[in-house]
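Trainee: I should like to understand how the terms used for a protein structure are justified. May we go through them one at a time?

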Amino acid sequence: MTDLAVIIVTWNVRDIALDALRTLYADLEQSQLDARVIVVDSASSDGTVDAIAAQFPQTEIIASKDNLGFAGGNNAGIESPGFGAKTADDLPRAVYLLNPDTLTDIGATQCLFDTLMSDEKNGVVGARLTFGDGSFQHSSFAFPGLRQLWVEFFPTPGRFIEHPFNGRYPRDLYHGRQPFEVDFMLGATMMLRREVIQETGMFDTQFFMYAEEVDWQWRIRKAGWKILCVPQAHVVHLGGQSTGQAKPRSIINLWESRLRLYKKHYPAWKLAIAKRMVAIGMSRKISTAQQENADSAVIDAYHTVRKLALE
């Protein structure tokens, strides 16, 4: 039985993806895991598929003709080893969703797998993340609420930014040696027990990009599974390498997904407040951007989001 299927979704990040695979394979070689690595490429035009095939021929590659987005791409990768078609005994024990803009430390993947399997109630685990320069990066968060929206748009005392008020967990937890329970892990490193996938399904593809991992883990938590951050498993997450390629479109994608998330998981009264806060917040951003002579495409994106919030 395969222990692990690693899924990496790429879109025009050839060189970064090659580094991710290099460090991942080095880690897997030091582990005791029987793993397969699956790359789903979303119609890259930078030679990603050919480069991976040449340098890492052991990698299974799914080359899509269309950009499937994070959710659709990962779903295609998850289906590849048989989820949705095969019986449990024929499926890998776990699936590891790994961003292409990551560098894996030796021992990280084994540590995540061992933690996931240490308790039958553990449904999802994720690594401690740092940025490329070694600085701290939040790896996990509380589910988004109205307080986080306030911090996003309105003046907030600095002490509340790195604070549970803003959905952050104390940094001391990341520097400890013990896994700690969280609401959701950042999608950069997200390892799931196969039973979780069988019970809760996969990503909701209505989320083309952003918030899809929040939605799925919200469903996983509602189903009674634990979600853990594992500080001893360290992965460098460079961050934003694909989405940063189209900022105005990324702004719209982000808020379309957030508004969809609120609609799916908030009661009606909370949704109404959230949408009003977004509309006001976008008006503030438009005013500031105009005063600073910002890119007109960015201003147009803010207008689009405001209209979405008022619908």
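**Reasoning from values to terms**

Mentor: Let us begin with a strand pairing: Leu 4 has Ala 94 in strand 4 as its bridge partner. Please keep in mind throughout that this is a predicted model.

Trainee: What makes strand 1 and strand 4 a pair?

Mentor: Two strands pair if at least two bridges are found between them. Strand 1 and strand 4 (residues 94-98) have 4 bridges, in the parallel sense, so the requirement of at least two is met. Strand 1 also pairs with strand 2 (residues 35-42), again in the parallel sense, over 7 bridges. There, Val 6 stands opposite Val 37.

Trainee: How does the chain cross from strand 1 to strand 2, and what is the hand of this crossover?

Mentor: The path goes through helix 1 (residues 14-30), and the β-α-β crossover is right-handed. The term applies because, with the strands pointing away from the viewer, the path over the helix runs clockwise.

Trainee: Why is strand 1 described as largely enclosed by the rest of the structure?

Mentor: A residue is buried if its relative accessible area is under 20%. In strand 1 (residues 4-10), 7 of the 7 residues are buried, so the strand is largely enclosed. This holds for both of its sides: Leu 4, Val 6, Ile 8 and Thr 10 point one way, Ala 5, Ile 7 and Val 9 point the other way, and all are buried.

Trainee: How do you know that the side chains of Ser 44 and Asp 41 form a polar contact?

Mentor: The distance in question is 2.6 Å, and the limit for the N or O atoms of a polar contact is 3.5 Å, so the distance satisfies the definition. Ser 44 lies in the loop between strand 2 and helix 2 (48-55). A polar atom of the Ser 44 side chain also lies 2.7 Å from the backbone nitrogen of Asn 12. Leaving aside residues up to four places away in sequence, Ser 44 touches Thr 10, Trp 11 and Asn 12.

Trainee: Which strands pair with strand 6, and in what sense?

Mentor: Strand 6 (residues 122-130), of whose 9 residues 8 are buried, pairs with strand 12 (residues 226-237) in the parallel sense over 8 bridges. Its pairing with strand 11 (residues 189-193) is antiparallel and has 2 bridges, with Met 191 as the bridge partner of Val 125. Strand 6 and strand 7 (residues 136-137) are likewise antiparallel over 2 bridges. Since the rule asks for at least two bridges, a count of 2 is sufficient. Strand 6 and strand 7 form a hairpin with 5 residues between them, and Gly 134 in the turn has a positive phi of about 90 degrees.

Trainee: Why is the contact between Arg 258 and Glu 152 called a salt bridge?

Mentor: The closest N and O atoms of Arg 258 and Glu 152 are 3.1 Å apart. A salt bridge requires the side-chain nitrogen and the carboxyl oxygen to be within 4 Å, so the name is justified. Arg 258 lies in helix 9 (residues 247-265) and Glu 152 in helix 5 (residues 146-153), so the pair ties together parts 106 residues apart in sequence. The structure holds 12 salt bridges.

Trainee: Is Arg 194, which forms a salt bridge with Glu 195, buried or partly exposed?

Mentor: Arg 194 has a relative accessibility of 11% and counts as buried, because the cut-off is under 20%. Glu 195, at 31%, is partly exposed. The closest N and O atoms of this salt bridge are 3.7 Å apart.

Trainee: What makes the pair of Trp 218 and Tyr 266 edge-to-face?

Mentor: Their ring centres lie 6.5 Å apart and their planes stand at 80 degrees, so the pair is edge-to-face. The relevant cut-offs are centres within 6.5 Å and planes over 60 degrees apart. Trp 218 in helix 8 (residues 212-222) and Tyr 266 in the loop between helix 9 and helix 10 (268-291) are 48 residues apart. Both are buried. They belong to one aromatic cluster with Phe 141, Phe 143, Phe 184 and Tyr 262.

Methods:
Residues numbered from 1 in each chain as written. Predicted model: local features only at pLDDT ≥ 70, side-chain atom pairs only at ≥ 80, totals over all residues. Heavy atoms only, no water. Buried < 20%, exposed > 50% of the residue type's maximum accessible area, 1.4 Å probe, protein only. Polar contact = N/O pair within 3.5 Å; in protein donor to acceptor, adjacent residues only side chain to side chain. Contact = heavy atoms within 4.5 Å. Phe/Tyr/Trp six-rings, centres within 6.5 Å; stacked < 30°, edge-to-face > 60°.
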